[in-house]
Amino acid sequence: GCIAVSKKTFFEHDNEEIDSSFNGLYNFLSAHATPSVIAGNSLLVEVEPLLATLNIPKEPEEIPQDTRSLYDLTIVGPLHWADGLGRIGMCYYESLKKYLRINVINIPGGNNLNGLPDDLLHLHDLIKQNQSITPNNIANTVITTGILWTGDANHLHQTDKQIGIIKRIKALKDKDRTVLGVSMLESTKIPQQWVTCLNTYYDEVIVPSPFLVDVYKECGVSIPIKVIPLPIYGIERLLEKNIPTITKRPEEFVFGCLSGGWYRKGVEVVAEMFSKSFSISEYPHVKLMIHCRFGDIEPMDKIRKLSSQDKRIIFSEGSISEDALKTWKNKIHCFVLPSAGEGFSMPPREMLAEGTPCLISSGHAHQPIVDDEGAIGIDIIGTRPATYGYFGVLGREWVPDKYDMAKKMHDIYDNYLEYKKHVALNRTELKKYMFSEWGKLYKNQIIERA
């Protein structure tokens with residue numbers, strides 16, 4: 001190839017210093033021009049001899065410009081702020097956008113950005129991005145979130161439909177792409193369909209909790225498995241706040257439980273044991289606040305019944321705005337969650353960042369929170385079949401000891417100031433979930449070419 005040079009380009013300035021510099025450059029280029037194409041004030045310069053003279057390496061042969069990806073990372077998945085899985089792609093985007101050029105291919109029908117906080121309203125623009133599965137719109141590294149677990153009653157069919165997007169990406173012939181999948185479940189087994197999809201269409205799977213590595217391997221996942229925790233929105237702001245110094249336990253003490261009302265979450269067990277262990281006559285000023293977006297029929301009905309019998313149990317249901325959630329959390333003095341299984345678990349970490357003592361089940365994804373991040377663990381007394389509405393029975397889950405939970409609720413109530421100090425000492429462990437820290441820590445594990 002050649003470059004065309006016009007002398008007029010170099011000598012149209014009044015500044016003598018600029019003219020002198022351009023004159024020297026023009027003369028240099030003239031020395032390397034092809035003699036047969038010097039005509040008047042114009043010349044053509046062959047690129048390759050010029051690069052050799054300047055000792056500039058020739059750009060390697062690459063795919064044509066119109067097929068090169070415009071991005072470093074493509075995120076594929078639903079954008080649903082109110083849902084834990086639907087939030088992952090947006091949190092990845094926010095954490096990595098400083099370091100990588102990112103686009104998002106969102107799953108049709110999976111988007112619901114209602115309730116986005118004001119500082120994330122710009123995420124609405126992700127839905128408007130080019131959604132084409134073409135070489136210049138799909139990066140070398142693709143990461144999927146929420147592709148396998150669709151939350152759809154017709155789960156197997158819906159997963160096949162969504163995996164179709166990955167099949168189309170893998171079918172692009174311009175280059176080999178690395179496809180990573182963020183995946184999790186809460187028990188000792190994952191669906192066989194997931195195993196097949198991961199081994200067939202993915203190069204690596206990312207799980208947010210260490211216990212899942214063994215679960216996925218034992219179920220037959222043969223691709224590499226990497227542990228990367230999830231970034232958590234708002235935790236940076238919480239950690240910037242100083243925990244107020246208190247000298248006595250609040251007169252009106254409030255336990256809180258925030259979770260889905262599914263059987264495996266154990267929310268109804270909290271209501272049951274609170275009512276039995278903190279009698280109205282002895283503890284009239286101790287309350288329990290529970291919020292569930294939705295859940296299984298039986299546990300939800302049991303909570304409604306207990307709250308109607310004991311007015312100290314305040315039960316709310318349905319979606320909740322970020323502002324309302326903040327108000328709810330600010331009323332809680334101790335957070336309790338005796339779930340029989342978790343894939344990651346954001347609420348305890350958010351409450352610990354607030355400086356609130358947390359009592360959670362040991363085992364599964366909760367174990368690192370108990371071991372390293374300041375939560376108090378509830379003993380596990382055994383396992384039971386793990387039942388999911390979409391999958392049926394999938395492996396086993398861990399049964400927390402409800403009597404140990406009640407005992408420790410009393411201990412936290414009686415020794416509240418000591419537990420507040422314990423939380424304050426461990427808050428720094430939560431910094432890794434901040435968007436700013438998470439991006440620095442994990443960007444190179446997600447995209448090796450970053």
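**Figure 1. A salt bridge links K128 and D125.** The side chains of K128 and D125 meet here, with N and O 3.7 Å apart. The view comes from a predicted model. Side chains of opposite charge can pair when their charged atoms come close. K128 is exposed, at 67% relative accessible area. D125 is partly exposed, with a relative accessibility of 44%. The structure as a whole holds 26 salt bridges. Further views below take up others.

**Figure 2. R304 and D301 pair within helix α11.** Their side chains form a salt bridge, and the N to O distance is 2.5 Å. Helix α11 spans residues 297–309. R304 and D301 are 3 residues apart in this helix, so about one helical turn separates them. R304 is partly exposed, with a relative accessible area of 34%. D301 is also partly exposed. Its relative accessible area is 40%.

**Figure 3. K421 and E418 form a salt bridge in helix α16.** The closest N and O atoms of the two residues lie 3.7 Å apart. K421 and E418 are 3 residues apart in α16, so they sit about one helical turn from each other. K421 is exposed, with a relative accessible area of 52%; the cut-off for exposed is over 50%. E418 is partly exposed, at 49%. Elsewhere, salt bridges with shared partners join four residues into one network: E186, R264, K265 and E342.

**Figure 4. Strand β9 is largely enclosed by the rest of the structure.** This strand covers residues 253–258. Of its 6 residues, 6 are buried, which means that β9 is largely enclosed. Buried stands for a relative accessible area under 20%. In a regular strand the side chains alternate between the two faces of the sheet. Both faces of β9 are covered. F253, F255 and C257 are buried on one side. V254, G256 and L258 are buried on the other.

**Figure 5. Strand β9 pairs with β10 and with β12.** Strand β10 takes in residues 286–292. It runs parallel to β9, and 6 bridges join the two. V254 of β9 stands opposite K287 in β10. Strand β12 takes in residues 334–337. It too runs parallel to β9, joined by 2 bridges. Here G256 has F335 as its bridge partner in β12.

**Figure 6. A helix joins β9 and β10 in a β-α-β unit.** The helix is α10, residues 267–277. Together, β9, α10 and β10 make a right-handed unit. The two strands of this unit run parallel. Residues V254 and K287, opposite each other, mark where they can be compared in the view.

**Figure 7. The second largest pocket has a volume of about 320 Å³.** Its lining counts 17 residues. Those closest to the centre are P244, N330, E354, T356 and K420. Three elements give two or more residues each to the lining: α12 (322–330), α13 (347–354) and α16 (416–426). Helix α16 also carries the K421 and E418 pair of Figure 3. By class, the pocket lining has 7 nonpolar, 5 polar and 5 charged residues.

Notes. Residues numbered from 1 in each chain as written. Predicted model: local features only at pLDDT ≥ 70, side-chain atom pairs only at ≥ 80, totals over all residues. Heavy atoms only, no water. 1 Å grid on protein atoms, 1.4 Å probe; cavity = no way out; pocket = protein on both sides within 12 Å on 5 of 7 lines; lining within 4 Å. Points joined across faces, edges and corners; volume = space filled by probe spheres on them. Helix = DSSP H or I, 4+ residues; strand = E, 2+ residues; numbered from the N terminus. Nonpolar A, V, L, I, M, F, W, Y, C, P; charged D, E, K, R; others polar. Buried < 20%, exposed > 50% of the residue type's maximum accessible area, 1.4 Å probe, protein only. Pairing = 2+ DSSP bridges. Right-handed = clockwise from strand over helix to strand, strands pointing away.
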